[in-house]
Structure formats: C-alpha cells, structure tokens
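Hi,

Here is the structure I said I'd pass on. Have a look at it first, and my notes on what turned up are underneath.

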Amino acid sequence: MVVMSTQRFAEVFSDVHCSSILHPWDKGCISSSPLLYKEAFVGSAKFYAIIYLIQILMRGKNMRRKKEWVKMGQYYIRSTLLGQLITASAPNISCTLRKLMGNKFNYYTYLFIPFTLNGLFIYLEPPSRRGLVINLFVNLYIEYWLRVLQRANYINITKSKQTILFMAGSAALFYLMRLEGDKKERTPLFWLFTPEKVRRKTEESKNVCPHDGPCQNHIAKGYATYFGVGLAITLARVILPKISSPMRAISSIRGKHFKLALFFGSYIGIYRAVICYLCRKRGFDSALYALPAGYLAGLSYLFSPSLGMAIGSVTAAMKLYSTILYEKKLIPTSVPLPELLYCICQGTLFHARIMQPDVCPSYVFNVMTGCSNGRSEMIAKNFFEILEKANG
C-alpha cells in the first residue's frame, strides 16, 4: 500500500470539495451535521455498550452494590457523549479550517488537527476513567510507531519478542500494583487482574499467603473464574452478531475461540501458583514475589498473542510509576500532560486511519467505524476512490 505523503495529498485532495471526503451523504457543511451527530450518538451508544459489558464482567462481585451500577450508568452516558462529540465535531472543524485556508485542504488540517483539537472532549470522562482512556490511546500510539518502524525495516517484531515484552511488563506491573496495596485510593487502572495485597505477618494468622483457605482452591478458583470471563467475551463476539440464528451461531464455535479463555485462566493461575509457592517456601509474603510471578505468568501470552496487550502491560506499569513521580512532585501537576498527550495520540491515530491504514492499529478502525455507525467507512471509501482515479 502506498504511503500518503504531504506532497501527494496536496496534488490530489487540495481542491477537492469537502463533501467528497468529509460528509458524502450531504453537500452542505451545516446541513450534513444533524445526521452525523445522530449516527455518532447511536454508534457510540452501541460501541460503548459492549465495552462496559466487558468491564462489568471483569469487575465481578464488585458489581453487587446498587451504587456501582448507578456509577457505571453515569460513566456509560459520559463515554457515549465523548464518542459522539469527537466523531461528529471533527468534520465541522475540518470544514472550518478549509474555509479559512481559501477552500483548500492541507495534509494536517484534514484530520490530524481536527482530531487533535477535539481530543479535549476527554474532559467529559471523570478523572477515574480518563486515565484509562488515555492509557489505551498511548498503547495504540506506541503500537502505531512500532508498526511504522517495522515497515521501514528498522525493527522486527516477532512473537518471541512480544512475549518477552509482555512477561517483563507483567512482572513490573504486578510488583507496582502490590506496592500500592496499602493505599486508600489506588491508581485507576483497567487490567485483567488486581493482585492481592501483601499479607503482613501477625500472630493471629498462621497463613503466610495473601489469601484465606487452601492454596489449591485459591489457584483453581482464579483459573476457573478468568477462564470463564475470557470464554464469555469470545462467545459474545462470535454469537451476538449471529443471534438471529442461534443454532448457526453455536455451530460456528471452534477450538480457536478458547484461546482467550486459556490466556486469561493461565495468566491468573500461574501468577497465584508462584506467589503461593514463594510464600510457603520463604515463610512470609512480599511485594517482590510479584516480579517472578508476573514474569512467569506472562508465558500465557503464547495462547493469545496481541501486540497491543504486550504494550499495554508496559504502559500500565509506566502509569503506576508516574503516580509515584507525581507524589514525589517530580512531575508538575500544574500542566495537564496526560490530557495533552491524549490529544496528540488521538490526532495521530485517527489521521493514520486514512493516511497510513497499513500500520494503523485495528482497534482504531473499530472505534471509528463503531462510533460513527459506519460513516467513517463511507468517507474512507470515497477518499480511496478519488486517490485511485488520480493514480490512473
């Protein structure tokens, strides 16, 4: 696939009317907006419904309280508005910039600047969720640049390298999470598993492990629970699109659909097994045990490899470490660095969806298609048709 350069963009799209590559369903910049805002609301509502369903499954017993459901509902509404406003306002900004530049498009004013500016809508998310969204986009941003470097033959991202990255990231992440165990307020972090607090040795308790009851039951319960969560997520992806034909949906289930479940289950099972072994061997619990436990648990990555997941383990650890730096006042709190970083990441990624689709992470395609209710695909189709005609 040809990489879109600034020069080639100027040659082909500089004088193209905005309705061709921003709002092909209506020629008017203003008259096209109501439909887009409506579609963006519907698309965002559907897209975030699946995300919040997964989060509810991951939270498990924490969702037994009514206030948790109320809070989750409020978060869902705010996330839906975030998706709608980012999706629908970008064409408005791009059209305005085109008018200001003498009815001409520029490589950066087409998508990069609009999506960078409306990244400020991230403030619609509450602080506890804002960090999770920022962390996700930083993951995608790093994945994008790794793919760019791989395309240029500067690096080679192999499965073994991804596995080692995930193992190292998991080790650091679980260690930092256990260090945070005694805090009243932990750093908001959406990860597969939150490890148990370090058990302090007391005369009242003879159990040196960070759990109650037999170790075998603790390990087996963790494996079974997360195996079930992974299986539920996969089956939802397979069955829900074919729900109108239940038997056909069930018959489409294959062995490959158990990979995520095996990954989830073994990840938690191995971690707990190593922690319990070290506690029994040494006679006391320690946050340091999370280093070998997390590292070995990372081997489960082989069941369901994903570059985004490997990067995610590292950036999650970096997020926890940044909290320590903020607490020590080594990073200034007066400048909203995370939010500014999010704006840059969003602008770059949504720009890459059109300009460099071969290296753009698949999640970016999903979020843009989902939140626009398919409108982004219509825009992309028109864009590449115009480019194809220009190329002859």
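**What I found**

There's a nonpolar patch on the surface, made up of Ile-164, Tyr-295, Leu-296, Leu-299 and Leu-302, and together these residues have about 430 Å² of accessible area. One of them, Ile-164, sits in helix H8, which covers residues 159-179. Before you read too much into any of this, bear in mind that the model is predicted.

**The second largest pocket**

I spent some time on this one. The volume of the second largest pocket comes out at about 1400 Å³. Its lining has 36 residues, and those nearest the centre are Met-58, Arg-59, Asn-62, Leu-189 and Thr-194. Which helices supply at least two residues each to that lining? They are H3 (33-59), H4 (66-100), H7 (127-151) and H9 (215-239). H9 gives the most, with six residues. As for the chemistry, the lining of this pocket splits into 15 nonpolar, 12 charged and nine polar residues.

**The cavity**

On closed spaces, the count is one cavity of 30 Å³ or more, and the volume of the largest cavity is about 30 Å³. Its lining consists of His-23, Cys-29, Ser-32, Ser-33, Leu-36, Ala-88, Pro-91, Asn-92 and Cys-95. H3 and H4 turn up here too, each with at least two residues in the lining of the cavity. For this cavity it is H4 that gives the most, with four residues. The cavity lining has five nonpolar residues and four polar ones, but no charged residues.

**Helices and salt bridges**

H4 is also where you'll find a salt bridge to look at: the side chains of Glu-68 and Lys-71 meet there, at 3.8 Å from N to O. These two residues of H4 are three residues apart, about one turn of the helix. Side chains of opposite charge can pair when their charged atoms come close. For the model as a whole, the count comes to 13 salt bridges.

Then there's H11, running from 259 to 282. This helix has 24 residues and spans 34 Å from its first C-alpha to its last, close to the 34 Å expected at 1.5 Å a residue. What comes just after H11? Gly-283 does, and this glycine takes a positive phi of about 85°.

If you're opening the model in a viewer, you could begin with H4, as this helix supplies residues to the lining of the second largest pocket and to that of the largest cavity, and holds both Glu-68 and Lys-71.

Cheers

Methods. Residues are numbered from 1 along each chain as its sequence is written. This is a predicted model: local features need pLDDT of at least 70, side-chain atom pairs count only at pLDDT 80 or more; totals for chains, interfaces and linings use all residues. Side-chain values use heavy atoms; hydrogens and water are left out. Patches are made of residues with over 30% relative accessible area and no salt bridge: like charges are joined within 9 Å, nonpolar side chains (Val, Leu, Ile, Met, Phe, Trp, Tyr) within 5 Å. Accessible areas come from the Shrake-Rupley method with a 1.4 Å probe; for residues, only the protein chains shown count as cover. A salt bridge is a side-chain nitrogen of Lys or Arg within 4 Å of a carboxyl oxygen of Asp or Glu. The expected span of a helix is 1.5 Å times one less than its number of residues. On a 1 Å grid over the protein atoms alone, a cavity is a set of points where a 1.4 Å probe fits but cannot get out, and a pocket is an open set with protein on both sides within 12 Å along at least five of seven lines; lining residues have an atom within 4 Å of a point. Grid points are joined across faces, edges and corners, and a volume is the space filled by probe spheres set on the points. Ala, Val, Leu, Ile, Met, Phe, Trp, Tyr, Cys and Pro count as nonpolar, Asp, Glu, Lys and Arg as charged, and the others, Gly among them, as polar.
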